[in-house]
Amino acid sequence: MVFEGLSAKLQETMKKIRGQGRVTEKDVKEMMREIKLALLEADVNFKVVKDFINKVSERAVGQDVLESLTPGQQVVKIVNEELIELMGKTQSKITFAPNPPTVLMMVGLQGSGKTTTSGKLANLLRKQGKNPLLVACDVYRPAAIKQLQVVGDQLNVPVFSMGDKVNPVDIAKAALEHARAKLHDLVIIDTAGRLHINEELMEELSRIKSAVKPHEILLVVDSMTGQDAVNVAESFNEKLGIDGIILTKLDGDTRGGAALSVRTVTGKPIKYVGMGEKLSDLEPFFPDRMASRILGMGDVLSLIEKAQESFDEKKAMELEKKMRSQQFTLEDFLDQMQQVKKMGPLNQVLGMIPGMNNKALKNVEVDEKKMVHVEAIIRSMTRQERMEPSIINANRKKRIAAGSGTTIQDVNRLLKEFEEMKKLFKMMSDMGRHRGKGLGKFKMPF
Amino acid sequence: MGFFDRLKEGLEKTRKGITERIDKVLVSFGKIDDELFEELEEILVTSDIGIDTSMKIIEDLKKKVRENKVIHPADVKDLLKEELVHVMEGECRLNIGTSPSVIIVIGVNGVGKTTSIGKIANLLKQSGKKVIVAAGDTFRAAAIDQLEVWANRVGVDLIKHSEGSDPAAVIYDAVQAAKARKADVLICDTAGRLHTKKNLMEELKKVSKVIDRELPGASRETLLVLDATTGQNAIAQAKTFNESSDITGIILTKLDGTAKGGVIIAVKSELKIPVKLVGVGEKMEDLQEFNAREFIEALFD
Ligand SMILES: Nc1nc2c(ncn2[C@@H]2O[C@H](COP(=O)(O)OP(=O)(O)OP(=O)(O)O)[C@@H](O)[C@H]2O)c(=O)[nH]1
Ligand SMILES: [Mg+2]
């Protein structure tokens, strides 16, 4: 996984830095190189990466990083902040015309997902109280009109079509009249996919635009697009003046660097993301999630922040020392379990660990009820037992089980798994200093 | 128009983009230095070759430049060309020896599977083969109608069930029809699917099993369609589809745009799967055989 590459490389760099005790500009440069490679691997456009790195470097060589005790962490934080900033800090939604109907026009390359997305938008906005009309303006691709009709049928949303022998400009005009007559307050025009360099077809879009004056023109972009995303977005924006972007097929495993590219070159907001083939699979765009995805590192930053917020620094340091010297006890464990609980629901916390995507999470059973059990068992131990689990003999086990309302097997399991827990919590408390590679084959004790 | 001319024409844009920039780089550099290699690397990266592959290619190039004691920057280009040809070389003829033989076309959503099937059917029919196409995409709205339009356009038989039916059952019927009607080639459309969806990948295996069982020993092509606009995700697509379906070749579509499709170089060098065909437009004739040397020559002309 690319993240592991980036993580390992940044760690490497940081180790060197630690040895020197102080960060130099050269170190920062080295880290920037790794970030540059990561962004390129995520398909962010080369030029966009270059500008971005320049901007981030400027901030990074500033005192922020140089003075920090955890420079690697600081750099990642800055990169992340800049990424979020670039992709738009606030969420952007579709806006509606003051005088209905609101006309939305969907444009984009062939195969980017316009027709499906038109249906999804109709579905979503209808839930917000709109009365949509879908308009079939793709007269070129075989069965494109039929496709929209099927989608409309599935949603029970009317579809306006005049077959494939009529000029799309005329279809759009007639559709608008039809919408007014039938009191539709929302018109979504599906256009044929086309290459941004096909002048004739780009001209056709301009004419549709002049004819129906859409309230918003939405560029539909496949999130798997590579370096060419900038050319496509630039051309469509120059020719039509787009109002927003919808990213499709984000339910796959693409890192989605195109998001950053198209946003940078057009300055237009990404409004929604397509997350599946079902007509309900359209979601709002979250810049922070996208930033983490492009960097390939989960919500590592929020985890760092959360951890910083809820962990008592001094206590954490004490714990770390104990764990290193293998003096970590059940008493400490109980303590740390309280800390972790403060960080929020466990699977949410786990979800923020880099490398832990949803897929990986499915293999890790997080049973918060079991966590309560574990807590009860430890609470039923004497202080001495917590400090020195080895003294817990059969008699003691019986007592602990009875006291905690569990069984002897439960107590045994806890003790056996305690060793492994140490590793897990060590990793969590070390977060940021040695960013872990996910939980891998760790078996969660709860 | 000969094959090479058509190919060249189709690749015009790709070629122009890359060669103009490379020429500019080579002219503006008086000597071979790190900066020259960096610029070359940039050109590779912006063609979607991927940073890892690009760096590898440039490392190799540097070594060769040293070994061959190259002193003129312009000769570096020839070496780079050789490198890339070497990577891209592979068998591109379709393996359709038996009658019937089967071509299955797979890929993620919207890459151009159905359109490519129309084009291949046309190509094969032109060469005198009897072709049947099977509407194996029973999922996407109007996918069957789309293939039907193509079948009518080209003038070949179509086997279809209704939307929502079992794709394996469609393929079963299509195989029986291919045998009964003595067809030479059966081309199967499949629904677009992201390679990350496990159960959909299983569905492909099921289709493949039907063919194994009903047509043992038949020549088979499993062609993965990759969209030239796709970036590095194409590598994951190729890897995952290959795991479940043993891909025998790649169709690279949409090369008529400005995207370079360079990621196939990474795919080829990692997975050794040859590119067999390229799509250069939406018309029936906009399909060409892939030839590595011509492809690279056209890039650097
Ligand atoms: N410019 C260009 N467009 C192409 C090419 N190949 C396919 N297309 C277009 O890309 C769009 C999608 O093509 P389809 O053949 O429907 O793709 P598909 O993979 O079958 O799509 P799904 O079945 O929906 O997954 C259509 O508008 C095609 O006309 C090509 O080589 N160049
Ligand atoms: Mg299709």
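Here are four short exercises, with worked solutions, on charged pairs and one polar side chain in this predicted model.

**Exercise 1. Find where the salt bridge between A:Glu385 and A:Arg399 sits in chain A, and decide whether each partner is buried or exposed.**

Step 1: Start with the distance. The two side chains meet at 2.8 Å, N to O.

Step 2: Place the partners. A:Glu385 belongs to helix α19 (residues 383-387), while A:Arg399 belongs to helix α20 (residues 394-404). The pair is 14 residues apart and links distant parts of the chain.

Step 3: Check accessibility. Buried means under 20% relative accessible area, so A:Glu385, at 0%, counts as buried. A:Arg399 has 37% and is partly exposed.

**Exercise 2. Work out which parts of chain B are tied together by B:Asp157 and B:Lys130.**

Step 1: Confirm the pair. The side chains form a salt bridge at 4.0 Å, N to O.

Step 2: Locate each end. B:Asp157 lies in strand β3 (residues 157-159), and B:Lys130 lies in the loop between α5 (113-126) and β2 (131-134), so the bridge ties together parts that are 27 residues apart in sequence.

Step 3: Add the surroundings. B:Asp157 is partly exposed at 29% relative accessible area, and B:Lys130 is partly exposed as well, at 33%.

**Exercise 3. Classify both partners of the salt bridge between B:Arg93 and B:Glu91, then step back to the whole structure.**

Step 1: Recall the idea. Side chains of opposite charge can pair when their charged atoms come close.

Step 2: Apply it here. The side chains of B:Arg93 and B:Glu91 meet at 3.1 Å, N to O.

Step 3: Classify. Exposed means over 50%, so B:Arg93, with 58%, is exposed. B:Glu91 has a relative accessible area of 42%, which makes this residue partly exposed.

Step 4: Widen the view. Over all chains, a search of the whole structure gives 32 salt bridges. Chain A also holds a network of them, linking A:Lys55, A:Arg59, A:Glu81 and A:Glu82.

**Exercise 4. Describe the setting of A:Asn45: its element, its accessibility and its contacts.**

Step 1: Locate the residue. A:Asn45 is in the loop of chain A between α2 (25-41) and α3 (46-61).

Step 2: Judge the accessibility. With a relative accessible area of 8%, A:Asn45 is buried.

Step 3: Follow the side chain. From A:Asn45, the side chain reaches the backbone nitrogen of A:Lys47 at 2.9 Å.

Step 4: Look further along the sequence. Setting aside neighbours within four places, A:Asn45 is in contact with A:Gln227, A:Val230 and A:Ser261.

Note on methods
Residues numbered from 1 in each chain as written. Chains lettered and ligands numbered in written order. Predicted model: local features only at pLDDT ≥ 70, side-chain atom pairs only at ≥ 80, totals over all residues. Heavy atoms only, no water. Helix = DSSP H or I, 4+ residues; strand = E, 2+ residues; numbered from the N terminus. Buried < 20%, exposed > 50% of the residue type's maximum accessible area, 1.4 Å probe, protein only. Polar contact = N/O pair within 3.5 Å; in protein donor to acceptor, adjacent residues only side chain to side chain. Contact = heavy atoms within 4.5 Å.
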